[in-house]
Amino acid sequence: MKKTSIIFSFLFIVLLFPLSMVGCGESKLSLSMPLGVWWWDNRLDDEYFDFAVKNGVDEIYYYTYFTESNADFVAKAKDKGIETFALCGDYRWIENYQDFQEYIDDYRIFQANYPSSQFAGIHVDVEPHQHPDFDSRRQELITEYVEFVYRATTENSDIKFDFDIPFWLEDEITFQGNTKQAYKFVIDYANRVFVMSYRDSASGMLSVASEEIEYAFSLDKPIFLGAETGGEEDIVTFIQEGRDYFYSQMALLEKSLPYSNIGLSIHDIKRWKALKN
């Protein structure tokens, strides 16, 4: 076969072959902004940990009980330059603070028992809208949630607290004599806030979290924007668009950030890894 024929055949195959399949499984997220990931399943094997390292994850929000295996995971992540936060959440804590306090007590015991493998802090995913009475008691439950955040942070000021919040937490409430939007109270009290800015484009994520971004910047507080990769409705998640589009949008997001106090958090490691190219 002539050389020109070989070249023509190769070009023909490349043109027919879907571009998304080129380097399938090899694409990676490459960002300079802080990058975290929710890790809800502690049974995942090292393949997921290697995936996180490959994609430049800086911190993991790790949901599990406080056992010796936690210390092993934290130590392994630390060796790779990744911080691990204890991930927890139960909407019932809003009305039953004692159960949350028991979690704090267990956290403190773990930290004391494993001084070289300590969590960097606690990542709290308490969502008032999960309460079955939320529609009929919305104002009351959001106010109680703000009180929960205040109590958790002020009674445990030695612990670094992250709080996840929905982007629509803009209800105006009165707490301790002050009246303002609920998300502002959470940003006031938390060390960091993670906005569940679940939209399937960079512009959409920035748009729904714009007020939280501005307020966090005014207080010089770190704020993270959340990206969803799971099986939600199309406007919410990147699952339909796939990994390559997701990565391109996250690169665009980074270029579009108005301030330097903003990070990215991905929900969650299992579903992120399962995204198709």
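Where is Asp 268 found? Select Asp 268 and you'll see: Asp 268 sits in the loop between β10 (262-267) and α10 (269-273). Keep in mind as you click around that this is a predicted model.

**Stop 1: the His 267–Asp 268 peptide bond**

Show the backbone here. His 267 and Asp 268 are joined by a cis peptide bond, with omega at about -10°. For background, most peptide bonds are trans.

**Stop 2: zoom out**

Now bring the whole protein into view. There are 10 helices and 10 strands to find your way around. Lined up along the principal axes, the C-alpha atoms fill a box of roughly 85 × 40 × 35 Å. The protein has 277 residues, and 48% of them count as buried. Take the contacts between residues at least 6 apart in sequence: 73% of those link residues at least 24 apart.

**Stop 3: Trp 272 and the core**

Stay with α10 and select Trp 272. The largest nonpolar core has 79 residues, and Trp 272 is among those touching the most other members, along with Trp 39, Tyr 145, Phe 148, Phe 163. Which helix gives the most to this core? That would be α5, with 7 residues.

To see what surrounds Trp 272, leave out the neighbours within four places in sequence; its contacts are then Leu 29, Leu 35, Val 37, Phe 51, Asn 55, Val 57, Thr 229, Arg 243, Phe 246, Tyr 247 and Ile 266. Another core, of 9 residues, lies apart from the one Trp 272 belongs to, and includes Trp 38, Phe 85, Phe 194 and Tyr 198. As general background, nonpolar side chains in soluble globular proteins tend to be buried together.

**Stop 4: Tyr 198**

Pick Tyr 198 out of that 9-residue core. You'll find Tyr 198 in the loop between β8 and α7 (202-208). Is Tyr 198 buried or exposed? Its relative accessible area is 11%, so Tyr 198 is buried. Beyond four places in sequence, Tyr 198 contacts Trp 38, Phe 167, Gly 226, Ala 227, Glu 228, Ile 235, Val 236 and His 267. That last name takes you back to the cis bond, where His 267 is one of the two partners. Try a C-alpha to C-alpha distance too: Tyr 198 and Phe 238 are 40 residues apart in sequence and 9.1 Å apart in space.

**Stop 5: α5 against α6**

Colour α5 (residues 138-155) and α6 (residues 182-189). Their axes come within 9 Å and cross at roughly 5°. Angles under 35 degrees count as roughly parallel, so α5 is roughly parallel to α6.

Show the side chains next. From α5 come Ile 142, Tyr 145, Val 146, Val 149, Tyr 150 and Thr 153, and they meet Ala 182, Phe 185, Val 186 and Tyr 189 of α6. Sorted by class, this contact has 9 nonpolar residues, 1 polar and no charged ones.

Within α6, the buried residues are Ala 182, Tyr 183, Phe 185, Val 186 and Ile 187. Their cover includes α5, β5, β6, β7, β8 (192-196) and α8.

**Stop 6: α4**

Move to α4 (residues 97-113). Its 17 residues should span 24 Å at 1.5 Å a residue, and the end C-alpha atoms are 25 Å apart, which agrees. Highlight Tyr 97, Phe 100, Gln 101, Tyr 103, Ile 104, Tyr 107, Phe 110 and Gln 111, which are buried. These buried α4 residues pack against α3 (68-79), β3 (83-88), β4 (122-124), α5 and β5 (161-166).

**Stop 7: two positive phi values**

Most residues other than glycine have a negative phi. Start with Gln 176, in the loop between β6 (172-175) and β7 (178-181). Gln 176 isn't a glycine, yet has a positive phi of about 50°.

Then jump to Asp 220, in the loop between α8 (210-218) and β9 (223-228). Asp 220 also has a positive phi, near 55°. With a relative accessible area of 66%, Asp 220 is exposed.

**Last stop: Asn 261**

Finish at Asn 261, in the loop between α9 (243-256) and β10. Asn 261 is buried, with a relative accessible area of 16%. Setting aside neighbours within four places in sequence, Asn 261 touches Ala 216, Phe 217, Lys 221, Pro 222 and Ile 223. Pro 34 is 227 residues away from Asn 261 in sequence, but 9.1 Å away in space, C-alpha to C-alpha.

Note on methods
Residues are numbered from 1 along each chain as its sequence is written. This is a predicted model: local features need pLDDT of at least 70, side-chain atom pairs count only at pLDDT 80 or more; totals for chains, interfaces and linings use all residues. Side-chain values use heavy atoms; hydrogens and water are left out. Axes are lines fitted to C-alpha atoms, for helices over the stretch in contact, and angles run from 0 to 180 degrees between N-to-C directions. Helices (H or I, at least four residues) and strands (E, at least two) are DSSP runs, numbered from the N terminus. Angles under 35 degrees count as roughly parallel, over 145 as roughly antiparallel, 65 to 115 as roughly perpendicular and the rest as oblique. Contact means heavy atoms within 4.5 Å. Ala, Val, Leu, Ile, Met, Phe, Trp, Tyr, Cys and Pro count as nonpolar, Asp, Glu, Lys and Arg as charged, and the others, Gly among them, as polar. The expected span of a helix is 1.5 Å times one less than its number of residues. Buried means under 20% relative accessible area, exposed over 50%, partly exposed in between (1.4 Å probe, protein chains only). A nonpolar core is a set of buried Ala, Val, Leu, Ile, Met, Phe, Trp, Tyr and Cys residues joined through side-chain atoms within 4.5 Å.
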